[in-house]
Each structure stands twice: as structure tokens, then as C-alpha cells.
Amino acid sequence: MMITATASLNAQPEGANYDESKVPEYILPALLVGNDGSAVSGRQQWERRRKEIYDLFEREVYGAVPAWRGKITATEISHRQDALGGLALRREIRLRMQNGDKSRDVFLLLYLPRSRKAAPVFLGYNFSGNHTVTAEKDVHISPSWVANNKELGITDNRATEASRGSRASAWPLQDILSRGYGVATLYYGDVDPDFDDGFKNGVHALFDQPRDSASWGSIATWAWGLSRVMDYLEKDPAVNAKEVFVIGHSRLGKTALWAGASDRRFAMVISNESGCGGAAISRRKFGETVSRINTSFPHWFCDNFKKYNDKEETLPVDQHELIALIAPRPVYVASASEDLWSDPRGEFLGAKNAEPAYRLFGLRGLKTDEMPAPEHPVGDFIGYHLRTGKHDITRYDWTQYLNFADRHFPGSAARPGR
Ligand code: GCU
């Protein structure tokens, strides 16, 4: 059983290729050529081509979501008018997912700027429980299974006070809220605990369909969970559902991209250091490869993806096409200079090679052919930056995402004092 704690996420595993001169020559699958060989030059043709690409990712990479026959009931379990020193309204919402006599609770933590009626919201999973994103004492401690982690004082897969606020640096709430945006976050393990248990726990227990080689892995399950949260946000009058931006770091950045591809209600998509199976081109085999990811995390993708272990060149898709599925919505890809495991150049090239889809809509992508220097964000409808430092999501990263959101959703930018 592979159980990864957040503390190990910074590791740069050995035995991988980190040498650019050893990247094999490769040809990317053509984005704008249909399966029947026809060229795609207009938006209508793109819609057809988009479906072909989506179906390939679904069948060969992330896996298909079975039909959901249950119901979801939202209940507010806490409410505070004066969170973050009076800057925000804070609510905790329990989403009870139910199918027959089986149920699963997922807890949403919502911060909304007090200054607005219907706020644009960044929606993203957190790694270790809602109580880890803030030091505020009255946010419930996650009751779910969490990975053991000595630093966070977790020894029996249960979170305690010791982890409160431990991931606050990944969620600069003051910055986000004071710029007029809300945050909706939930623990990814509420939806599916991140270990290989043969898809029995988490929400999988609520689905009784038999599995096959194209059935969903955990990334698709987490993406499904984000869509169910979106169902809730659409009904919440305090949220501007037309401006919900899905964001994620690392495995959750892979999840954000697949969620954005699968559900067009997400108005913007942000992938922070998503690496292999995220924004990075698989054919480069730089840093983490398809066989490494499928071995360490056999539950993340569908079984079909394992056919491409050490055979990346035979994949019918590559990750630039995942980013292209988000067009014409704004998408942001970010890398960190020391995070070679995620292949920064591969992430840049994933973004770069998605541009033709945006061009079909008359939109500009990165506006550069060269990978920019660190701390030089680029791009129009496709944003990109390389941050100096390690695998993480930092205040610097968030500042770029807030600027990107202000630019694409100018109505969202908080007016007073700006
Ligand atoms: C591991 C894994 C990556 C993943 C990362 C994370 O390093 O190999 O694919 O992105 O964990 O989620 O932080």
C-alpha cells in the first residue's frame, strides 16, 4: 500500500532523467488533425475534434466516471461573520453524498469577502484537511483518514490540533480575500483517500458499477468531486458561479486540469507544478515518467494508462492536448526552478503547444516562444511562470493567479483602494 505524506512531496527522486540533452526526439500528436486525418480550422470542427481528444484522455489516461445515481445534501455546519479579522465571512458546509443506505460526507470551507454580494471564487482541494489552511481556531479538524506524517503529528491516520494552520502558506487568504476573491476548499481525501485500496473507499463506495480498464482512477474521482462542489456553488447566492476558478498544486494540479477539461462551468483553470499527467509533455520522459507514476501511484489513472509505461511515444494524446481542452477559457500553468521532477520545460511546452486551440478562437496564448526567466510571468489566455525555488505553491504563485484573474475578469477585481 503506497501512502504518501505531504512532507515527502518536495523530494527529487533519484534515477530519473534530469538532463535536457537526453530528452528523446519526439513528435507530438497533432492537435488540429481529426482522427480521420482532416484538418481542423474552425470552431465547429474544433468542437468535434475536442470530443475526440477528450474521449482519448478519458479512455486511455484518467478513466471514465460511472453514472451517479445518488443525491447530495448541503448543510451549513458553521458560520462566522468576522473571520480573518473582519475581512471575510466564513462558512463550513457539509455535503452529504448519499446513494441508498451508503453515504459519505465531504466538508467545504468557504471564505467570502464581506465587501461583495456574489463573489468570484477560487476552488481547490487541500492536501491535509481544511483546518490546515488556516490558523483560525474554530475551523473543524478533518475527521477523515489522513496520511501519517510525523511533522504534522499524525500517527494513526487521524488529524489533530498539531496540524492546524500547517499549510497556511499555500493559502494566502488575506491576500486573496482583500483582493475581492473568495476561496472554497476541501480535503481531497474526503472524496477519495489517496492510497491504493482497489477503489473501495471514499466516494467509490457509493457507486456499484463493475470496473474495467477504462474506469476512473483517483484523479478523475477528485475531479468529479470538484464538479459536485460546483453544483453546490451554483446554488449559493453568495457565490458568482460564472467566476469559479479551479486551482490545484501538483497531483491536485493534474486534478484541476482534468476537472477544467471535463466541466466547462469552471471559468478559469490553474495548474501549479502539475508535472507528469498534468501539464508536462509525457514524451520528454524528463523527471517523472509514465511508468514511474503508474508504479508509485497505481490508483491515480485508469488501468489503460499502464499500457504506456516506457512507451510514451505510443500514447494517442499528450498533455498539450489536455490544456487545449480548456480553450477558450483562460488557463495558467506554473513551474518552479528546482522542481525538476515535474519537468518545468515540459510544462512550458505543454502550455505552448496548446496555443493552436486558442488561436481558433482568435485568442493569444503565451505570447512568447521562449521559456521565460524565473519571476517573469508571460501570456495572455495561457499564462505561465517559472518561480525560483522548490516544489510548492507560494504567495508569489498566488499573486500571479490573482493578477491573471483580475485581467480576465475585470469585474471581479475588488474596486475599493485599487
Ligand atoms: C509525487 C508525484 C507527483 C505529484 C507529487 C505531488 O512527487 O510523483 O506526480 O505531483 O507527488 O502531488 O506533490
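**Exercise 1. The ligand site**

How far is an oxygen atom of the ligand from an N or O atom in the side chain of R251? Work out this distance in the predicted model, then describe the surroundings of the ligand.

*Solution.*
- Step 1: Start with R251, where an N or O atom of the side chain lies 2.5 Å from a ligand oxygen.
- Step 2: Look for further pairs of this kind. The side chain of E288 places an N or O atom 2.5 Å from an oxygen of the ligand, and for the side chain of H391 the distance is 3.1 Å.
- Step 3: Turn to the cover. On its own the ligand has 320 Å² of accessible area, and the protein covers 93% of this.
- Step 4: List the shell. There are 10 residues around the ligand, and those that come nearest are S250, R251, K254, E288 and W341.
- Step 5: Sort the shell by character: 5 of its residues are nonpolar, 2 are polar and 3 are charged.

**Exercise 2. The overall fold**

Compare the radius of gyration of the protein with that of a compact globule, then describe its make-up.

*Solution.*
- Step 1: Take the chain length. For 418 residues, a compact globule would have a radius of gyration near 22 Å; the value for this protein is 20 Å, so the two agree.
- Step 2: Add the dimensions. Along the principal axes, the C-alpha atoms fill a box of roughly 55 × 50 × 40 Å.
- Step 3: Count the secondary structure, which comes to 11 helices and 9 strands.
- Step 4: Check burial and surface. Of the 418 residues, 61% count as buried. The accessible surface is about 16400 Å², and carbon and sulfur atoms contribute 51% of that.
- Step 5: Consider how the contacts are spread in sequence. Among contacts with a separation of 6 or more, 70% are between residues 24 or more positions apart.

**Exercise 3. S274 and R387**

Is S274 buried or exposed? Answer this, then treat R387 in the same way.

*Solution.*
- Step 1: Locate S274, which sits in the loop between β7 (268–272) and α7 (290–296).
- Step 2: Apply the cut-off. Buried means under 20% relative accessible area; S274 has 1% relative accessibility and therefore counts as buried.
- Step 3: Find its partners. The side chains of S274 and S271 form a polar contact of 2.9 Å. Beyond four places in sequence, S274 touches S250, G253, K254, L257, A279 and E347. Two of these, S250 and K254, also belong to the residues that come nearest to the ligand.
- Step 4: Move to R387, which lies in strand β9 (residues 382–387). Its relative accessibility is 6%, so R387 is buried as well.
- Step 5: Read its contacts. Outside its sequence neighbours within four places, R387 meets residues including E273, S335, E375, D392 and D397.

**Exercise 4. Unusual backbone geometry**

Which peptide bond is cis, and where does phi take a positive value in E375 or N157?

*Solution.*
- Step 1: Recall the usual case: most residues other than glycine have a negative phi, and most peptide bonds are trans.
- Step 2: Inspect omega. The bond from A327 to P328 is cis, with omega near 0°. P328 belongs to the loop between α8 (319–324) and β8 (331–336).
- Step 3: Inspect phi. N157 has a positive phi of about 60° and is part of the loop between β4 (119–126) and α3 (173–178).
- Step 4: Do likewise for E375, whose phi is near 60°. E375 is in the loop between α10 (355–359) and β9, and with 34% relative accessibility it counts as partly exposed.
- Step 5: Connect this to the previous exercise, since E375 is one of the contacts of R387.

Key
Residues numbered from 1 in each chain as written. Predicted model: local features only at pLDDT ≥ 70, side-chain atom pairs only at ≥ 80, totals over all residues. Heavy atoms only, no water. Near = heavy atom within 4 Å. Polar contact = N/O pair within 3.5 Å; in protein donor to acceptor, adjacent residues only side chain to side chain. Areas by Shrake-Rupley, 256 points an atom, 1.4 Å probe, with all protein chains shown as cover. Nonpolar A, V, L, I, M, F, W, Y, C, P; charged D, E, K, R; others polar. Helix = DSSP H or I, 4+ residues; strand = E, 2+ residues; numbered from the N terminus. Rg over C-alpha atoms; globule rule 2.2 N^0.38 Å. Buried < 20%, exposed > 50% of the residue type's maximum accessible area, 1.4 Å probe, protein only. Contact = heavy atoms within 4.5 Å.
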